[in-house]
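Me: I'd like to go through the aromatic rings and the cysteines in this one. Could you take me through them step by step?

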Amino acid sequence: MTENRRFLLRRRPEGDPARDDFELVSETVPSPPPNGFVVRNHYCSIDPAMRGWMDDEPSYMPPIALGDPVRATTVGIVHASDNPDYPVGQWVIGLNAIEEYSVVTPGHFTAPVDIGAVDSPTRFLTAMGAVSLTAYFGMTDVAKPKPGETLCVTGAAGAVGSVVGQIGKIHGCRVIGIAKGPEKCRRLIDDYGFDIAIDYRGKSIEDLSGEIAKAAPDGLDMVFENVGGPIMEAEMLNLAAHARIVLCGLISEYNADERVGLRNLWQLIVHQATIHGFLIADYAPRFPEGGAKIMEWVGEGRLRIDEDVQEGIENSYDTFMRLFTGANEGKQILKIA
Ligand code: NDP
């Protein structure tokens with residue numbers, strides 16, 4: 001009997017997730033349900049959003065139930081099927097979980113993918129995946145960049161942030177990236193073509209605000225926010241008139257026991273600025289359009305998309321935590337087959 005190892009949520013994390021909030025169990029591989037199929041997951045997308053799904057709080061998706069495997073987007077191959085549209089051997093992408101085999105029932109989000117069109121199945125989680133589409137629609141539809149404007153992006157060396165900054169450059173903007181440590185800052189300039197990199201490590205709001213002011217003497221026309229907290233407060237002190245803030249993520253708060261919130265909202269009034277909360281799921285009908293544009297830019301060598309692939313389902317916890325220590329170098333993926 002083939003075994004199905006599954007990475008379960010046993011306890012809701014308080015603050016930083018602990019190793020024993022999770023358990024790796026081994027079960028037998030289920031049979032396909034009527035009109036459904038079973039997928040052998042090869043790659044799991046490891047995303048900051050998973051941390052929010054572990055909390056029992058109102059959100060855009062129900063929390064992961066205790067005892068269920070940790071929800072994740074996966075790419076894999078149909079292993080057994082009762083659905084003629086998904087024959088055995090078909091590659092698929094879907095919202096499944098960190099587990100070797102997932103049962104897919106009719107109506108569950110899943111789609112076939114054309115593996116012949118890419119050099120690696122991981123591309124469906126990176127270049128053609130949600131993170132690149134987040135950067136694409138967050139920039140083109142929400143930030144709406146104009147040539148000559150100044151963009152500041154946080155979490156800048158990460159999966160979303162690195163693509164955001166490059167899209168800003170493609171649109172003729174001046175791009176400032178904020179990330180942790182000299183090596184990430186070097187990559188922002190050398191690998192992604194940003195104009196200015198600011199290392200936030202160990203800096204007060206005042207120091208950071210001063211560095212942003214030096215980098216953007218006329219203020220920030222656009223802020224693409226992935227981090228929140230004190231870094232965002234420093235940006236808020238440097239807005240240009242009518243600045244647009246794309247609120248994409250708040251990773252600095254995901255493990256916080258107490259959320260501080262934004263203490264200088266007044267700056268929105270001063271600068272007649274707007275904050276726009278943004279969720280990529282809203283753009284699902286337009287994914288083919290965004291994916292095509294991203295692939296065009298990648299093909300032209302104008303967009304670089306880095307992947308950080310860790311291996312082994314037994315390393316699920318350590319791989320997840322890389323997002324919070326900042327160890328990931330590009331889109332975090334876990335290979336489990
Ligand atoms: P990343 O690849 O950017 O990885 C996370 C990065 O966040 C780390 O590398 C680290 O970079 C930074 N980070 C972690 N903890 C902190 C902290 N306390 N303070 C400051 N920075 C921190 O992940 P993604 O690109 O996948 O996601 C980036 C953001 O986008 C997240 O907030 C995520 O929730 C959001 N998102 C939102 C979507 C939407 O639809 N709204 C869709 C997809 C993602 P460093 O070493 O520089 O600190």
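Reply: First the rule for rings: those of Phe, Tyr and Trp (its six-membered ring) pair if their centres lie within 6.5 Å, and planes under 30 degrees apart count as stacked, over 60 as edge-to-face and the rest as tilted. This is a predicted model, in which local features need pLDDT of at least 70 and side-chain atom pairs count only at pLDDT 80 or more, while totals for chains, interfaces and linings use all residues. Residues are numbered from 1 along each chain as its sequence is written, and side-chain values use heavy atoms, with hydrogens and water left out.

Me: How many aromatic pairs does that rule give?

Reply: The count comes to eight aromatic pairs. One of them joins Tyr-136 and Trp-297, a tilted pair with 5.9 Å centre to centre and 50° between the planes. Tyr-136 lies in helix α2 (residues 130-143) and Trp-297 in helix α9 (residues 287-299), so this pair ties together parts that are 161 residues apart in sequence. Helices here are DSSP runs (H or I, at least four residues), numbered from the N terminus.

Me: Is Tyr-136 buried or exposed?

Reply: Tyr-136 is buried, at 8% relative accessibility, where buried means under 20% relative accessible area, exposed over 50% and partly exposed in between (1.4 Å probe, protein chains only). Trp-297 also counts as buried, at 4%.

Me: And what about Phe-278 and Tyr-283?

Reply: Their ring centres are 5.6 Å apart with the planes at 45°, so that pair is tilted. Phe-278 is buried at 8% relative accessible area, and Tyr-283 is buried at 13%.

Me: Which residues form the aromatic cluster?

Reply: Tyr-136, Phe-137, Phe-278, Tyr-283 and Trp-297 form one aromatic cluster.

Me: Different topic: which ring does the charged end of Arg-71 sit over?

Reply: The charged end of Arg-71 sits over the ring of Trp-53, 5.1 Å from its centre; the criterion is that NZ of Lys or CZ of Arg is within 6 Å of the ring centre and within 35 degrees of the ring normal. Arg-40 lies over the face of Tyr-101, at 5.1 Å from the ring centre.

Me: Now the cysteines, how many disulfides are there?

Reply: The structure holds zero disulfides, a disulfide being a pair of cysteine sulfur atoms within 2.5 Å.

Me: Why does Cys-185 have no bond?

Reply: The closest cysteine sulfur to that of Cys-185 is in Cys-152, and because it is 11 Å away, it is too far for a bond. Cys-185 is buried, at 9% relative accessibility.

Me: And where is the closest cysteine sulfur to Cys-248?

Reply: That sulfur is in Cys-152, 14 Å away and too far for a bond. Cys-248 is partly exposed, with a relative accessible area of 24%.

Conventions: Helices (H or I, at least four residues) and strands (E, at least two) are DSSP runs, numbered from the N terminus.
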